[in-house]
Amino acid sequence: MTPLLIDCDPGIDDAVALLLAIASSAFADLPGQVAGDGEKSSRFNILGITTVAGNVSVATTETNARCICELGGRPELKVFAGCPRPLVRQPVFAEHVHGANGLAGVEFPTPRMPLQSQHGVDFLIEMLLQSPKKVAIAMLGPLTNLAVALIKAPQIAAQIDRVVIMGGAVGAGNVTSSAEFNFFADPHAAQVVLRAGREQGIDLTLIPLDVTHQAIATPARRAALAALGNRAGGTVARMLENYGLREQGQRGFAGPPLHDPCVMAYLLEPGLFEVKRCLAMVETESSLTLGRLGVAREGDGQGDGQGDGQGDGYNVAIAQSIDADGFYRLLTERLARLG
Ligand code: BDR
Ligand code: CA
């Protein structure tokens with residue numbers, strides 16, 4: 001089992017990613033379910049969920065994370081509120097995309113599970129330092145919490161197995177023509193994390209907008225989720241009804257792209273993606289191109305042949321493409337396990 005920390009800003013697609021993670025976690029030991037060996041090795045042990053200001057305020061993202069844990073039948077999971085604002089710039093939110101409640105206006109019962117009192121950043125540090133095994137981290141929002149953790153306790157780097165990030169755009173952005181939302185919302189934090197890939201040897205993978213734009217929830221794919229007949233599938237289908245309409249109009253997509261669940265899919269089935277090692281950084285100076293992902297050099301995907309992701313002058317693996325049918329097969333199969 002992969003020990004996993006999830007940092008997020010739910011957010012409609014964050015909510016779907018959380019459900020995919022929950023459905024792929026130890027909870028999958030449902031009566032009558034026989035897991036094959038391959039399936040066992042692709043399961044998560046969710047150590048905790050931290051939230052950040054991003055799509056909506058941190059007060060709303062932590063509440064939403066708890067709503068989604070309860071929807072997924074996991075009220076014992078621990079949710080922590082992290083940073084309420086980016087490192088340097090003023091907060092930017094995306095309520096026009098995710099709705100005022102961050103979950104497309106779909107109403108959830110007030111969560112009964114408590115918010116943990118510890119700050120999200122302190123929890124990240126403590127959990128990493130005390131874990132007997134290296135931990136994978138899924139980053140689904142602005143990178144503020146991880147950046148602060150790395151600044152406060154750089155020794156956590158040695159405890160990180162890998163960090164998989166939804167963020168950046170190699171081509172056109174979705175907030176400005178250069179920048180993707182998570183990098184635009186906290187470009188300085190994104191730069192701290194990308195630098196840590198180079199300077200502290202952290203194994204980083206980016207799933208940029210160019211790839212998540214290939215993961216379109218077409219009407220047929222949404223119908224398959226609705227047809228699962230469980231609460232999770234029905235709620236996801238409802239949240240997706242009006243999600244990403246502007247992007248669909250502008251780019252001619254046949255449905256909304258599901259950005260954040262791609263991170264979970266990469267952790268579960270990396271074979272669904274093609275990746276290349278690159279040297280990349282984030283624009284933090286120019287107001288015109290703030291948050292732009294700059295790819296300075298691209299490798300051939302092989303690194304230096306050591307397989308350790310280090311020593312090749314690159315700081316990050318950037319996904320280039322996704323098998324979208326395989327991704328929706330995985331998502332639909334996994335969500336079918338939920339109530
Ligand atoms: C990213 O921005 C947010 O609105 C989504 O949740 C996703 O993490 C896509 O640019
Ligand atoms: Ca997000």
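Student: What makes the 62 residues a nonpolar core?

Tutor: A nonpolar core is a set of buried Ala, Val, Leu, Ile, Met, Phe, Trp, Tyr and Cys residues joined through side-chain atoms within 4.5 Å, where buried means under 20% relative accessible area (1.4 Å probe, protein chains only). In the largest such core, of 62 residues, I6, I49, I207, L258, M264, L267 and F273 touch the most other members. Helix α1 (residues 12-23) gives the largest share, ten residues; helices here are DSSP runs (H or I, at least four residues). This is a predicted model, with local features requiring pLDDT of at least 70 and side-chain atom pairs pLDDT 80 or more, whereas totals for chains, interfaces and linings use all residues. Residues are numbered from 1 along each chain, ligands from 1 in the order written, and side-chain values use heavy atoms, without hydrogens and water.

Student: Why are D9, D14, L140 and D260 called donors of the calcium ion (ligand 2)?

Tutor: Donors of Ca are N, O and S atoms within 3.2 Å of the metal. The OD atoms of D9, D14 and D260 and the O of L140 lie 2.2 to 2.6 Å from the calcium ion (ligand 2), so they qualify. D14 in helix α1 and D260 in the loop between α12 (245-251) and α13 (261-268) are 246 residues apart. Both D14 and D260 are buried.

Student: How do you know which residues F273 touches?

Tutor: Contact means heavy atoms within 4.5 Å. Leaving out residues up to four places away in sequence, the partners of F273 include I207, V211, C262 and Y266.

How values were computed. Buried < 20%, exposed > 50% of the residue type's maximum accessible area, 1.4 Å probe, protein only. Helix = DSSP H or I, 4+ residues; strand = E, 2+ residues; numbered from the N terminus. Donors = N, O, S within 2.8 Å, 3.2 Å for Na, K, Ca; no water.
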